[in-house]
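Here's a quick briefing to read alongside the structure. Have a look at the fold first, then at how the chains meet.

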Amino acid sequence: MSKYREIKTEFREEALLRQALQASGVPFEEHAAPAHLVGYRGDERPETAQFIIRRHNLGSMSNDLGFARQEGGTYAAIVSDYDQYNRQAQDRLARVKQEYARAFVHREARRRGLRVTEQRDARTGAVHLTLRG
Amino acid sequence: MAGKGSFEITIDAEGNIAGEIKDVSGPNCERLLDWLNAAGQVIVDRRTPDYYRREQTVDRRQQAGGRR
């Protein structure tokens with residue numbers, strides 16, 4: 001070992017985000033034109049997004065969770081103030097991000113002709129991957 | 001990456017990535033992790049103590065050879 005790097009994952013690619021949402025196992029909607037998020041009372045919120053996890057998949061008091069395209073093509077997670085502290089919503093978002101990172105690593109390994117072995121740590125929830133030529 | 005070297009990648013429960021290169025010594029490994037940068041924002045980028053150990057070993061051997 002002689003080099004170490006840490007990356008704060010960002011949703012930079014639409015195809016990988018879609019793949020991550022599918023892999024995370026939670027139902028989601030995809031809209032060609034951004035659609036409004038809905039609040040826990042059924043009220044339409046001003047925020048819009050192209051990918052939306054509806055609130056009934058997040059908890060009884062949750063608002064919709066969205067992923068909105070930004071200038072430059074990256075996606076930002078739209079999380080309500082309440083859901084910043086809602087464990088279920090935060091777990092969903094973390095799972096999507098983890099699946100995004102997994103999809104990214106697997107794709108890059110394929111591009112480089114590397115073999116991947118993968119293990120999930122049941123205690124921490126982390127995924128460990130070894131890539132070899 | 002050819003030979004015995006490998007990438008060790010950990011994706012934590014929050015989705016952030018930590019990558020290490022193993023069994024590749026010295027400057028050869030400097031840029032081998034650059035592909036990870038496309039996943040997001042680099043928050044830590046460092047050489048490990050092993051990097052410096054190997055470099056010092058090479059330097060001492062070169063110095064010893066030079067005195068003969």
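In what order do the elements of chain A run from the N terminus on? The order is β-α-β-β-β-β-α-β-β, and keep in mind that this is a predicted model. That string holds two helices and seven strands. Two places get a closer look below: the packing of α1(A) on α2(A), and the pairing of β1 of chain A with β3(B).

**Chain A overall**

- Chain A has 133 residues, and 32% of them count as buried.
- Along its principal axes, the C-alpha trace of chain A spans about 55 × 35 × 25 Å.
- Take the contacts in chain A with a separation of 6 or more: 41% of them are down to residues 24 or more positions apart.

**The two helices of chain A**

- Helix α1 covers residues 14-24 of chain A and helix α2 covers residues 87-111; they pack with their axes 8 Å apart, at an angle of about 120°.
- That angle makes α1(A) oblique to α2(A), because the roughly perpendicular range stops at 115 degrees and roughly antiparallel only begins over 145.
- As for handedness, α1(A) and α2(A) cross in a right-handed way.
- On the α1(A) side, the contact is made by L16(A), L17(A), Q19(A), A20(A), L21(A), A23(A) and S24(A).
- Facing them from α2(A) are R95(A), V96(A), E99(A), Y100(A), A103(A) and F104(A).
- Sort the residues of this helix contact by class and you get nine nonpolar, two polar and two charged.

**Where chain A meets chain B**

- Chain A puts 31 residues into the contact, while chain B puts in 43.
- Four elements of chain B each supply at least two residues of its side: β1 (6-11), β2 (17-22), β3 (40-47) and α1 (49-67).
- Which of these gives the largest share of chain B's side? That's β3(B), with eight residues.
- By class, the residues on the chain B side split into 21 nonpolar, eleven polar and eleven charged.

**A strand pairing across the chains**

- The strand β3(B) also pairs with a strand of the other chain: seven bridges join it to β1 of chain A, residues 3-9.
- Do β1 of chain A and β3(B) run parallel or antiparallel? They run antiparallel.
- For a spot to find in the viewer, try K8(A), whose bridge partner in β3(B) is Q41(B).
- So β3(B) turns up twice here: as the source of the largest share of the chain B side, and as the strand bridged to β1 of chain A.

Terms used:
Residues numbered from 1 in each chain as written. Chains lettered and ligands numbered in written order. Predicted model: local features only at pLDDT ≥ 70, side-chain atom pairs only at ≥ 80, totals over all residues. Buried ≥ 20, exposed ≤ 12 C-beta atoms within 10 Å, placed from the backbone. Contact = placed C-beta atoms within 7 Å. Nonpolar A, V, L, I, M, F, W, Y, C, P; charged D, E, K, R; others polar. Pairing = 2+ DSSP bridges. Axes fitted to C-alpha atoms, helices over the stretch in contact; angles between N-to-C directions. Parallel < 35°, antiparallel > 145°, perpendicular 65-115°, else oblique. Left-handed = near helix turned anticlockwise from the far one by under 90°.
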